[in-house]
Amino acid sequence: QKNRFVCLSIHSTIHTGLQFQHDVPEHHWLPLHLNSKSTAQTAHLVLEDGTRMKGISFGHDASVAGELVFNTGLVGYPEALTDPSYRGQILTLTYPIVGNYGVPNTEELDELGLRKHVESERIQVSGLLVQDYSHEYSHWNSVKSLGHWLQEEKVPALFGIDTRMLTKVIRDKGTVLGKIEFDGQPVDITDPNQKNLVAEVSTKEVRVFGKGNPIKVVAVDCGIKHNIIRLLVKRGAEVHLVPWDQDLLSLDYDGLFISNGPGDPSLAKTLINNVHKVLESDRPQPVFGICMGNQITALAAGAKSYKLPMGNRGQNQPVLNVMTGQAFITAQNHGYGIDSESLPPGWGPLFINANDGTNEGIMHSTKPVFTAQFHPEAKGGPTDTEFLFDVFLSVIKKGKNTSIASVMPIKPSIPPRAQVSKVLVLGSGGLSIGQAGEFDYSGSQAIKAMKEENLKTVLMNPNIASVQTNEVGSKQADSVYFLPVTPEFVTEVIKTERPDGILLSMGGQTALNCGVELFQRGILDQYGVKVLGTPVESIMATEDRQLFADKLMEINEKIAPSIAVESVSDALRAAEQIGYPVMLRSAYALGGLGSGLCANKEKLEETAQKALAMSNQILVEKSLLGWKEVEYEVVRDVADNCVTVCNMENFDPLGIHTGDSIVVAPSQTLSNEEYHMLRETAIKVVRHLGIVGECNIQYALHPSSLEYCIIEVNARLSRSSALASKATGYPLAFVAAKLALGIPLPEIRNAVSEKTTACFEPSLDYIVTKIPRWDLDRFHGMSHEIGSAMKSVGEVMAIGRTFEESMQKALRMCHPSVDGFVPQLPLKKPWSNTHDLEQELAVPSSTRIFSLAKALYSGTMSVDQIHQLTAIDKWFLHKLHGITKVEQHLANYKSGTVPKGMLLKAKQDGFSDRQVGQILGCNEGVARELRLNYGIRPWVKQIDTLAAEYPAMTNYLYCTYHGQEHDLDFKDQGIMVLGCGPYHIGSSVEFDWCAVSSIRALRQMGKKTVVVNHNPETVSTDFDECDRLYFEELTLERILDITQQEGCSGCIVSVGGQIPNNLAVPLHMSGVKILGTSPLQIDRAEERSVFSSILDDLEVAQLVCSPLLLVSHPLLCPFDFPSSLSLPRLHRASGSAMNVVYGEEEMKRFLEEAAHVSQEHPVVITKFIRGAREVEVDAVAKNGKVLVHAITEHVEDAGVHSGDATLMLPTQTISQGALEKVKIATRKIAHAFEISGPFNTQFLVKGNDVMVGISLSV
């Protein structure tokens, strides 16, 4: 059989002005078996200006021409493709991954005889363009793939197109004509808007729906969507669908409806004249038009239409009701608009676009005629404006002289803006599991928002490592109190500062609980302190499990069967009533503390006792184990305007705390119906609870039906909020703080575009993957199983144009020792001898993702088998399986034989140079050189909140191998600052403080800054903290990519902790200029044996030590130590694994652990001094000269890690003589290592004897 080949992507770009030519030589094509479509071939997208882009066919292989348009919707491709308004157009979907949930039965009819799952009888678009196509789909309601459907309907489609680049071309040029052209099938470019497209899509005969209903509505078919008919019939209308050119005056009806449709409205002259006659006849029957219906009505009234610069097409367009000021998020699909200035007397705008001010609907001042330019029927898109159908039917029913205003939703009563002058902001206190750096981020944003409104701010937070507690700066609070966030201390601060407002939602559960208690005690009322944002009563309704359940029952919302109890005996009775297994949840708890799945009475009794020790109320709930978990971040203002900023889907099914789950944004396996069903519910719940500001709502969604349950609502900023904010670029905490002051959403600007309003729902043209970071190995005997109580200490966020790219990046971000989706544990730890793969897959754990890799790489289990064990959606598993297939294919080559196309495919699927080198049998450097010789470099793309629909004013960036151009130029040559990566034990928010302080200092000096970090909880990843922010990997490969592209003038590695510090030498060796202390000196300081030798040369006293190199197996190493190194001994590996050992067996176990950390660096073994005091010096030096220092003393005797010790400043028990010795030694060390920048040295003091504790951090 003859082999077929396919080009998997564009690999070269030649720029000639605005023209692009992309060609891939045939010898670089890949064998087709990596692609499931056996007849795939390439074709070109050709624009009228000559621009050419090569893509891969996954539809019908036939050339076609049309107008290029884009749609920014995240879901709803079956609905969009069948929308008649797209007739004659080649549709570009900005969301890059399409086909995930397949296609439902497009032939299935509903009770009216309409297509149940699509919007017309056929696909209406002329062609489809996407970035990435999912050959494997997964959804309970789907019967075929998107590609199969396109082939059935003979519609061409290409993937592998840089849809972001194309969107920008359409955006900037307005009207763009083009063609999809296959070799040997030439076709001319034509303009479909020259034809009367309405005539093409309109019915040719009268059709009746809802026969027998009491209200007769004549619907003029300009290209009507099926859901419009459905919604009219549902409200009691008998719909008579008539052709576009039907004479209307002769018809008898109760109401006239004019539908949506394609093309230039001015060409439908017969219809315009017919509607003009109706308007002039003074018939009393109401008229309602949608989309094209709006334009036809306006033209018939005497107004003018025009071609919009780029059209409004998507599911996130904000419109304002001119009568009420109410804002709505709408679905839109139109290229023409109405000039509001041209409306004749008696007519005026009813809706306007909140972004560009264009007309979105008109109404007559006395006649019952009104229109909407958007799509209130949705499908796809939000259902916020479906009430317009009720308005239409109400006007019909109420009869003559009924005004449109009288039946519109009542204008909400908007309370006056909060009259406050000084605001108390409660922080979260010390970091803990479930409450980490995300609240430093949210608090910092809140303070910035308050200061922008010229309010005085008082901050309470005892966490000295946080950015928000900085003493000075334009973004800092006016007063900072380092006091515990407890009712007693907050009361004292209120007495002293006399604030008139307080923010409770920015400090996590600590601040929330404290605020509730202050409210209940009457303290806030007593001192006249107004709670800003969500009222305390609403907070209590979300935190108290019984109140929460009662509130949801009031609006008939679905929750899992549950009973709130306050004793173990009641919990047992509740479980018997509900039936095991049950889920236990604590009220007012942090990070799921005290919760757990209970399969039997014994487990319930144990869990309930622990939970009630921390909370006075627990909820016993029916277990929904195996259901999907989905989250929405919702924003609501005092005027009742609501938007959902981000939806997220957990990779893991329900049963694992979302903080311990892998999470993707946006959701990948939800259909339009599911996505908007949950969105609609979220808004309904938030309104009923009275939330003002931001909140998070979590759902359980049945994996094979539309059944869902609400799990919980967090009426505050959370870790999910921080993730959503960084994933979308929408500054949630900043906006929430403004809303808390009573400022309406439409009045707040989108800080990213600087042109649009904050009253919108972001469109993503990338996928985000969040993976938690655990440090469970630090705690001996700790189970690696994860569940409803959170155990992770940090998280990372990766951005890519495909799931594979995003997932592999995230795995590497989590731990420097992880290469990607590989069947290997972090730190290269061996699998347990008792490792049971099926058990490891069935029981969620912190290492399950690597067990998934092992199962898929070994081929011992199919995707179906893994799905049965894990309940992870098959779409995710198919994608992961695809990564293993690429690796297996790549393994057929060596570095000298691998084709360019194969190497590019691996990079596009997220493989690092190190991974590629291991597969090809070479090192990372050789793999990088090979890649660069092939011209394979990452493209830099912007996160702009609007999928390129509007230009971005900020530089919030990521790198991808899916693309054909950069989004920006590189002229700044700024200074790069490397961030801290994920929070983990030993590296936390203190390094974010260091990075932010460094960035701000550089900017004050007039230096441009380039920041690289991937921790969504940080302030350093706020896009406005630096000139360019790369949400990217902290690896040698990616830092070199960025610094070479940006032409950075230098790189600072000393402010981000161990991860960037470890990159200092490799970056230096690669030619990167490291600012501050020389990387070679850093390496000498990090290498403990070298450091010890230098101290001897300096005649600085130190502990007796002996280096031990673990050259092979640690147990084969000789243990001949000098007599001065008698037990107990302190064993320290490079950068980690430090222990005091008291016996030989303990020593062997420690050496095994140290071998996993690093075999290249020796373990330093020192004599452990009992009863010694420990002193630390933190200093800054320049060219080896100490400029400033601080000396602290540990409360505990030496032997407690400084991160776990209690420190005192100044020292209390150290003699002046000993302190002088400490200072002299510090100066010698700084001089010897030529330190320029910060450094830390630890000393042991016993009496007047001072010794360096074999530790220098530079």
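**Exercise 1. Place V863 in the fold and list its contacts.**

Start with the secondary structure: V863 lies in helix α24, residues 863–870. Helices here are DSSP runs of H or I with at least four residues, strands are E runs of at least two, and both are numbered from the N terminus. This is a predicted model, so local features need pLDDT of at least 70 and side-chain atom pairs count only at pLDDT 80 or more, while totals for chains, interfaces and linings use all residues. Residues are numbered from 1 along each chain as its sequence is written, and side-chain values use heavy atoms, with hydrogens and water left out.

Next, burial: V863 has a relative accessible area of 8%, so it is buried (under 20%; exposed is over 50%, partly exposed in between, with a 1.4 Å probe and protein chains only).

Now the contacts (heavy atoms within 4.5 Å). Skip neighbours within four places in sequence, and V863 touches L856, K874, L877, H878 and H881.

**Exercise 2. Work out the strand order of the seven-stranded open sheet and find its edges.**

Two strands pair if DSSP finds at least two bridges between them. Going across, you get β39-β38-β35-β36-β37-β40-β41, with antiparallel pairing. β39 (708–714) and β41 (794–800) each have a single partner strand, so one side of each has no neighbour in the sheet.

Zoom in on one pair: β36 (residues 642–650) and β37 (residues 663–665) are joined by two bridges. In this pairing, N650 sits opposite V663 of β37.

Then add the helix. α20 (residues 732–740) lies across β35 (628–636), β36 and β38 (693–701), at about 45 degrees to β35. Angles are taken between N-to-C directions, from 0 to 180 degrees, on axes fitted to C-alpha atoms, for helices over the stretch in contact.

**Exercise 3. Classify the ring pair Y632 and Y699.**

Rings of Phe, Tyr and Trp (its six-membered ring) pair if their centres lie within 6.5 Å; planes under 30 degrees apart are stacked, over 60 edge-to-face, the rest tilted. That rule gives 22 aromatic pairs. For Y632 and Y699, the centres are 5.9 Å apart and the planes stand at 90 degrees, so call it edge-to-face. Y632 belongs to strand β35 and Y699 to strand β38, 67 residues apart. Both Y632 and Y699 are buried.

**Exercise 4. Describe how α34 and α36 cross.**

The axes of α34 (residues 1088–1098) and α36 (residues 1216–1232) come within 11 Å and cross at roughly 115 degrees. On the α34 side, the contact uses I1094, L1095 and L1098; α36 brings K1228, I1229 and A1232.
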